[in-house]
Each structure stands twice: as C-alpha cells, then as structure tokens.
Amino acid sequence: MKVLIILLLACTSLLGRNISNKILPDLHIKHGIPVYGKTAENCKCKDGSMLTVKLKEPVVISVANKPEKWGYFQFPSIVKTPDNTIIATWNMNEDDIEAYGKHKFESFASNTNGKSWKPAQPERVGKTLLPNGDRIEIFIPEPIKVKDIQLPELVGTGLDTDANLPYYLYRLNDLPAQCQGIFINRLKKGETEWKVERATINDPRAVRGHFKGLFPIGWWGDMHVLPDGSIIAGVYPDFFVSDDNVVDTRSGASFYRSTDGGHSWNIQGRIGYIPDLSADPKGNQRMGFSEPAFEILPDGTFLCILRTADGLGIAPMFASRSIDEGCTWSKPEAFTPFGVFPRILKLENGVVVLASGRPGVQVRFSADGRDWSTAFEMLPYKNEDDLVSCGYTGLLPIGKNRFLIIYSDFRYKNKAKEIRKAIKVREITVKMCKN
C-alpha cells in the first residue's frame, strides 16, 4: 500500500496545538493516519518549520509457533550493543508481580540496521553510559515474601484496579533493610561481567508497599546523564507523605539524582497525580500515574509523558515539563485520549518522537516537544476492545534523522494462515525542514 500524506507542523490542521491543550471528556477512539505499509510523504509549509516523514515496510523479526496467552511474546524492547549489533528482546513470562526477577525473554539480533534478524541470546546492554565508561541499568530482583519480613506501621492502602486487589503502603525509612534502596546492574569499563549492587535512596517522604503477599524492590522508568555527569532517573511507582502527613494512595512519578555514578540517589522532584475530570471522568478512581517516559529537549527542558489507563479502561496520557532539571514540574495536562507505555526519543536533528499504544500502536512527532502531529497508526484496529497489540514499543536511533520502532502484532498470519503473535520492527525517517 502506498499512501501520500501531507504532514505540516505549525501550518496545517494536523498541527497538535489543539491536542496539547486539555482534551474533551470523550474517551471514544479516534483513529489517526493509517500507515500499515510503506508510506511516502510530501510537505509544503507556508509559514515556517515543518516535518517530513518516511516509513519503510515493517520487518517481521519473529512469529510465535503456537497461540500465546497474555504476557508471552510481547512487551518488546530494542537496544544497540557497543559493537553496533541491534538486539530485539521480548517477554516470555507472566505479566504479574510473581514473575518479577524471573527474566525470561526471547531475543533476535541484527547487524543490518534492522533489515534482517537471527536468533540470539538475551544480552544486557546498559542503556545509560556514564562519563567514566561504566554502563548501568535498573535491575528488578524477585520480590520478597511478606511473611518473611517484619513490617512497620501501615500508612495507607490503595486499590489495584487491574487485579481488583489492595496494596499496602509503609514509610520507606521505617522498612527493614532488605526492603529499602534500589538495585543497579553495572558493567564497569573494561570488564565483561555485569554485577548487581544495591544503591541507597535518600528520600524522607518516600512510601513503598506490597501487593499479593509480595514486596517488590524496583523502579521502572528512564535515566539520563546531565552535562555535569550526574544522572537523573524518572521512575514509578511513587507514593509519598505530604506536608500535612497524608499519604496519597495514587502513584505519581518521582525524579532522583545521583552524583556518584548511581551508587546513591537523592530525591530531586515529583509529579503528583492530579485528576482532570474534564479529560477523564473516571480520574478520581484511577490508580494514578504510571510508566513515565522522560526526555531532555534541545533547550534543556525536561519533558515527561505519563500513563493513566488502568483496570477502569482507556484513559488519557498526560504531559508535564520542568525547566529546573526535574526539581519542579508543571501541572500535568492531558493531551491524548488514550495510550499506554509512552516512549520518547529525541533525534540528533532535534525532532522528538513519541510512541504509545493500546489499542493499536501510534507514533507522533514534534519539532519542539509541545505541539504534536496527528498519530500515525502502525496497525489497524476497530475500537478500544480490539486488542491487536500489547501497545508497548521501543525506539532506537540509527542515524541523525532515522530510528527503528519495535512493536507486537497479535493478528499476524503465518504461512499456514494461522493467526499468531509477531514482533515487528520498522524504520522511520523524519526531518525538520525550512522554506
């Protein structure tokens, strides 16, 4: 399929200014631009900047050889090793707290910038490269059984709307030593063996909890290295005690700074969950913010995109910004009607890419991180209940203007015309142009 699309930023009706403002309380699906196959674009802009976007045909990395239940053959990620091998990895385990730390994955490798793939062993890469040459990544160990620890005074109880089960919260500093801190996987410069270490957290207001009789020790989110060599981690879950000694049982996102290479972390700032009933009538019932993705824009602004969708159904993604390296954040604003697991990538040419999904898989583009294009739809779907993908994606730059997106396709037909889960990757080129 070949489609001609005109994508004009700052000069056409596809401009996302109306998207970046508060959206109407209408959570019905509105499809974006279908780009299921190869797509060519042309741009003509009357008054300033514009973007041109070119998408190549999707490449199928692997297809499941049997029907797979939820959690298996999905949640893909994509990274590049120091020797420029691209590694694609996806989950082969339950999507449950009981699977934390099990690390069951399937992987393929490419030495052709994603054009061809072959089976490979899962490989740690450590996306965060430190100035001293070390590579680090957040490590999630197996959760601790609650029956094996002595817990302090309970400070709050919330409801996991996905499982319809409660979770229990305690002050971090009151918990036993084995329930504190965070784990970092480190590959020291010049070494070949990864080592897991426990890092300390300095956050007097932090609250941490357990669920289903298990106490997880983990962060989920992004890390970036600042020009001064310090590391900022934007992560969730984030529960904390307020100034008036009240615990909000809805999670936000927290930002920690490390000035010693990830051995210790100090609280930098927080994005607390603030319901917006004009954008989401169920906002007061949500579990809060989750799956934060954050990127540092060319002007130094921190941009964070957050998920709110939970067991209560589809919900908007929110955006918040910081101009003081994550210490304070703007009030989060809903800017998409739905989406899970946002991924942000700033290309070398300054273009900002946002991927998300469920239903389907969407990619948006921005010249400044504020005004976004209409969503480009990677997969066809009918409505919010049409689960054609897990919606989780990964983004990998492969040039100044190019990147790969990896995603799952639950409706792929194999050679026998059987529907099986598949993992796909697609190359996209995007450029900013001037008249």
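The exercises below, each with a worked solution, concern the overall form, two sheets and several salt bridges of one predicted protein model.

The model is predicted, so that local features need pLDDT of at least 70 and side-chain atom pairs count only at pLDDT 80 or more, while totals for chains, interfaces and linings use all residues. Residues are numbered from 1 along each chain as its sequence is written, and side-chain values use heavy atoms, with hydrogens and water left out.

**Exercise 1. Describe the overall form of the protein chain, beginning with its helices and strands.**

Step 1. The protein chain holds one helix and 33 strands, where helices (H or I, at least four residues) and strands (E, at least two) are DSSP runs numbered from the N terminus.

Step 2. The radius of gyration, taken over C-alpha atoms, is 21 Å, close to the 22 Å that the globule rule gives for 435 residues, so the chain is as compact as a globular protein of that length. The globule rule is 2.2 Å times the number of residues to the power 0.38.

Step 3. Along the principal axes, the C-alpha trace spans about 60 × 45 × 45 Å.

Step 4. Of the 435 residues, 55% count as buried, a class defined by under 20% relative accessible area, with exposed meaning over 50% and partly exposed in between (1.4 Å probe, protein chains only).

Step 5. Among contacts (heavy atoms within 4.5 Å) between residues at least 6 apart in sequence, 60% join residues at least 24 apart.

**Exercise 2. Work out the strand order and the edge strands of the open sheet of five strands.**

Step 1. The order is β2-β30-β29-β28-β27, with mixed pairing; two strands pair if DSSP finds at least two bridges between them.

Step 2. The edges are β2 (33-34) and β27 (340-346), each of which pairs on one side only.

Step 3. At the β27 edge, five bridges join β27 to strand β28 (residues 352-357), and the two run antiparallel. Within this pair, R343 stands opposite A355 in β28.

**Exercise 3. Carry out the analysis for the open sheet of four strands.**

Step 1. Here the order is β6-β7-β8-β9 and the pairing is antiparallel, with β6 (72-80) and β9 (118-120) as the edge strands.

Step 2. Neighbouring strands of this sheet are turned by 30° against each other on average, direction ignored; the axes are lines fitted to C-alpha atoms, for helices over the stretch in contact, and angles run from 0 to 180 degrees between N-to-C directions.

Step 3. Strands β7 (residues 86-92) and β8 (residues 105-110) pair over six bridges, and F108 in β8 is the bridge partner of A88.

**Exercise 4. Locate the salt bridges of R402 and D409, and state whether their residues are buried or exposed.**

Step 1. A salt bridge is a side-chain nitrogen of Lys or Arg within 4 Å of a carboxyl oxygen of Asp or Glu, and by this rule the count comes to 22.

Step 2. R402 and E427 meet in a salt bridge at 3.3 Å, N to O, which links strand β32 (residues 402-413) with strand β33 (residues 419-433) across 25 residues.

Step 3. R402 counts as partly exposed because its relative accessibility is 27%, whereas E427, at 8%, counts as buried.

Step 4. D409 and K424 form a salt bridge at 2.8 Å, N to O; this pair too links β32 with β33, its residues being 15 apart, and both D409 and K424 are buried.
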